[in-house]
Amino acid sequence: MNKTALITGITGQDGAYLAMFLLEKKYRVIGCYRRSSTVNFWRLIELEIFEESNLVLVDLDITDPMNVCSVVRKYRPNEIYNLAAQSFVASSFENPVITTNINSLGPLYFLEAIKLIDKNIRFYQASTSEMYGKIQNPSQDENTPFYPRSPYAASKLYAHWITINYRESYGIFAACGILFNHESPLRGEEFVTKKITLAVAKIKYGLQKTLYLGNLNARRDWGYAKDYVKGMWQILQAEKPDNYVLATGKNETIRNFAVLAFRTADMEIKFEGDKENEIGIDIKTGNSVIRIDKKHYRPAEVDTLLGNPKKANNELSWKATTSLEKLAEIMVEYDLKSIGT
Ligand code: NAP
Ligand code: GDD
């Protein structure tokens with residue numbers, strides 16, 4: 001019989017790609033979304049899976065424990081992927097309580113539901129490289145100590161440890177993927193890569209003059225979301241539940257990602273000036289296309305992240321397959337097409 005997977009956060013970037021991946025594997029997918037006044041299924045439509053008969057969309061706000069229990073009881077999935085979160089780090093400084101309610105208590109409700117309803121259900125928790133925060137080792141793996149730097153990271157750290165605790169206490173197959181940044185054309189527009197690639201397209205078509213960014217020196221280990229959702233599935237197919245880092249093993253600055261993205265649209269950028277006076281200039285036109293706006297600085301920054309995916313490589317045969325240059329190209333080409341039509 002085909003397996004059933006329940007995905008929370010189906011309207012988000014990873015939820016949509018994971019649903020597509022699992023539908024291709026012939027899963028029945030219970031896609032959970034929270035009701036809002038505006039319909040929010042554009043990613044599922046974009047991936048052409050919205051009309052799939054094996055995709056069942058279910059109204060579920062993960063901050064409601066009764067709602068979580070009744071959905072788990074009704075659909076009795078084989079696997080649960082908890083991807084729902086308030087996932088924007090900057091917002092978590094403004095909304096720390098709601099961030100914690102969603103990111104920390106949501107997974108706890110699922111773990112309790114599994115404990116009470118069916119301990120055979122496998123559970124995936126979307127842990128994050130943000131938990132390393134002020135890094136304690138130049139490259140981070142499953143054994144690197146955590147040092148969260150935002151309410152978001154702290155909330156995810158609780159979820160990470162409570163998942164491990166239910167694994168150890170009740171023998172539940174509860175696993176954590178510690179994923180480093182992963183991006184795609186379907187990335188939310190507030191995240192820096194998408195903000196940059198969208199601006200590249202708009203500047204190219206004369207619809208925007210300047211892109212305002214924050215800290216250009218931050219470094220991230222960026223991969224392609226499509227590679228990473230496969231890793232989530234592999235983590236739940238392992239022999240035993242565990243924690244796995246998924247990353248590329250390379251990192252780059254925001255500044256250099258911007259250079260790559262503009263280059264894809266035939267614009268060479270040079271940087272001049274320092275700190276908040278730094279500007280990015282389009283060499284051909286002389287226009288200042290990048291400027292700094294301090295409002296994008298964070299109260300506490302994660303300066304650099306660099307993942308070591310060796311364990312996932314060795315035990316799951318998982319590997320990130322998309323270079324940053326290719327990722328920038330995929331994202332810019334998508335945005336050029338969507339802005340140009
Ligand atoms: P995303 O695009 O921001 O999607 C988040 C999803 O969570 C959306 O579908 C959102 O629904 C849903 N959600 C938020 N609050 C909810 C609630 N109370 N009840 C039900 N659903 C709720 O995030 P993503 O990039 O796909 O990331 C997926 C997960 O991986 C998140 O947990 C994130 O923290 C984690 N993660 C992401 C990365 C990355 O680089 N992308 C790296 C490590 C970990 P709405 O559409 O209604 O807002
Ligand atoms: N969003 C944003 N906007 N970030 C900017 C900007 C800007 O204008 N300018 C500079 N940055 C810097 C941020 O300060 C941060 O250091 C870096 O760019 C990346 O920011 P985001 O793209 O917002 O991602 P993130 O690293 O904070 O968080 C993402 O990755 C995490 C995994 O490490 C999110 O997807 C999290 O949910 C995820 O857990």
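Here are some questions and answers on the two ligands and helix α8 in this predicted model.

User: Which residues come nearest to ligand 1?
Analyst: Start from the shell, which holds 26 residues around ligand 1. By class these are 10 nonpolar, 11 polar and 5 charged. The ones that come nearest are T11, N40, S87, Y152 and K156.

User: How far is an oxygen atom of ligand 1 from an N or O atom in the side chain of R34?
Analyst: Polar contacts here are N or O pairs within 3.5 Å. On the backbone side, G12 has an N or O atom 3.0 Å from an oxygen of ligand 1, and D14 has one at 2.8 Å from an oxygen of that ligand. For the side chain of R34, the distance from its N or O atom to a ligand 1 oxygen is 2.8 Å.

User: How much of the accessible area of ligand 1 does the protein cover?
Analyst: Take the contact from the R34 side chain, at 2.8 Å from a ligand 1 oxygen. Ligand 1 on its own has 900 Å² of accessible area, and the protein's cover over that comes to 90%.

User: Which element gives the largest share of the shell around ligand 1?
Analyst: Go back to D14, whose backbone N or O atom sits 2.8 Å from a ligand 1 oxygen. Elements giving two or more residues to that shell are α1 (13–24), β5 (122–128) and α6 (151–170). The largest share is 3 residues, and it comes from β5.

User: On to ligand 2: how far is its oxygen atom from an N or O atom in the side chain of N181?
Analyst: Two backbones reach nitrogen atoms of ligand 2: an N or O atom of E190 at 2.9 Å, and one of G214 at 2.8 Å. The N181 side chain pairs with an oxygen of ligand 2 instead, and there the distance is 2.7 Å.

User: Which elements give two or more residues to the shell around ligand 2?
Analyst: The G214 backbone has an N or O atom 2.8 Å from a ligand 2 nitrogen. Protein covers 95% of the 720 Å² that ligand 2 has accessible on its own. The elements with two or more residues in the shell are α7 (192–204) and β8 (211–213).

User: Is α8 mostly covered or mostly exposed?
Analyst: Buried means under 20% relative accessible area. Among the residues of α8 that pass are Y228, M232 and W233. The tally is 10 buried out of 13, so by that cut-off the helix is mostly covered.

User: How far apart are the end C-alpha atoms of α8?
Analyst: Helix α8 runs over residues 225–237, and at 1.5 Å a residue its 13 residues should span 18 Å. The model agrees with that expectation, because the end C-alpha atoms are apart by 19 Å.

How values were computed
Residues are numbered from 1 along each chain as its sequence is written. Chains are lettered from A and ligands numbered from 1 in the order in which they are written. This is a predicted model: local features need pLDDT of at least 70, side-chain atom pairs count only at pLDDT 80 or more; totals for chains, interfaces and linings use all residues. Side-chain values use heavy atoms; hydrogens and water are left out. A polar contact is a pair of N or O atoms within 3.5 Å; within protein, one must be able to donate a hydrogen and the other to accept it, and residues adjacent in sequence count only if both atoms are side-chain atoms. Accessible areas come from the Shrake-Rupley method with a 1.4 Å probe; for residues, only the protein chains shown count as cover. Helices (H or I, at least four residues) and strands (E, at least two) are DSSP runs, numbered from the N terminus. The expected span of a helix is 1.5 Å times one less than its number of residues. Buried means under 20% relative accessible area, exposed over 50%, partly exposed in between (1.4 Å probe, protein chains only). A residue is near a molecule or strand if one of its heavy atoms lies within 4 Å of it. Ala, Val, Leu, Ile, Met, Phe, Trp, Tyr, Cys and Pro count as nonpolar, Asp, Glu, Lys and Arg as charged, and the others, Gly among them, as polar.
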